[in-house]
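User: I am new to this structure and would like a friendly walk through it. Could you take me through a few questions?

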Amino acid sequence: VSTQSTGHQRMRWTLCIVIFIISLLQNVSSNSDPYSVLGVSRSASKSDIQKAYRKLAKKYHPDVSKDPDAERKFTEVAAAYEALTKEQEQPKQQHGRQGGHRQEFYF
């Protein structure tokens, strides 16, 4: 593997991360239902949501897709996935707070 191809891979991953962060900052999916963006039902499991996200992220990745709207769709899919994973994590975090568990740090 040449250093040039490694550099291109890093550049692609950096681009993906930048696009993902931009989508989160713009909150692209605020006006749309994240379940419909990913094409899953509201009762979909965490695994089903992740599979749908990976499939659509591959399909609309700007380096792969020739669709002129690919970048916008990619960011919308990423924002929808982020919204659903945060939604699934929120009850766990609230339960920990309500349960009276407290973690103390000593320095």
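Here are some short questions and answers about this predicted model.

User: Which two residues form the aromatic pair, and how are their rings arranged?

Analyst: A pair of aromatic rings is described by the distance of the centres and the angle of the planes. Here the centres lie 4.2 Å apart and the planes meet at 15°. Planes under 30 degrees apart count as stacked, so the answer is a stacked pair of Tyr53 and Tyr81.

User: Which helices does this pair link?

Analyst: The two partners are 28 residues apart, so the pair links distant parts of the chain. Tyr53 and Tyr81 are both buried. Tyr53 belongs to residues 46-60 and Tyr81 to residues 70-98, which are helices H3 and H4.

User: Where do the buried residues of H3 lie around its axis?

Analyst: An α-helix has 3.6 residues a turn, so residues three or four places apart point the same way. The buried residues of H3 are Ile49, Ala52, Tyr53, Leu56, Ala57 and Tyr60. Because they cover an arc of only 130°, they sit on the same side of H3.

User: Which exposed residues does the face of H3 turned away from its buried side carry?

Analyst: Look at the face turned away from the buried side of H3. The exposed residues there are Lys51, Arg54, Lys55, Lys58 and Lys59.

User: Which element gives the most to the lining of the largest pocket?

Analyst: This pocket holds about 300 Å³ of space. Its lining divides into seven nonpolar, one polar and four charged residues. Two helices, H1 and H3, each give two or more residues to the lining. With five residues, the one that gives the most is H1.

Technical notes
Residues numbered from 1 in each chain as written. Predicted model: local features only at pLDDT ≥ 70, side-chain atom pairs only at ≥ 80, totals over all residues. Heavy atoms only, no water. Phe/Tyr/Trp six-rings, centres within 6.5 Å; stacked < 30°, edge-to-face > 60°. Helix = DSSP H or I, 4+ residues; strand = E, 2+ residues; numbered from the N terminus. Buried < 20%, exposed > 50% of the residue type's maximum accessible area, 1.4 Å probe, protein only. 1 Å grid on protein atoms, 1.4 Å probe; cavity = no way out; pocket = protein on both sides within 12 Å on 5 of 7 lines; lining within 4 Å. Points joined across faces, edges and corners; volume = space filled by probe spheres on them. Nonpolar A, V, L, I, M, F, W, Y, C, P; charged D, E, K, R; others polar. Arc of directions from axis to C-beta.
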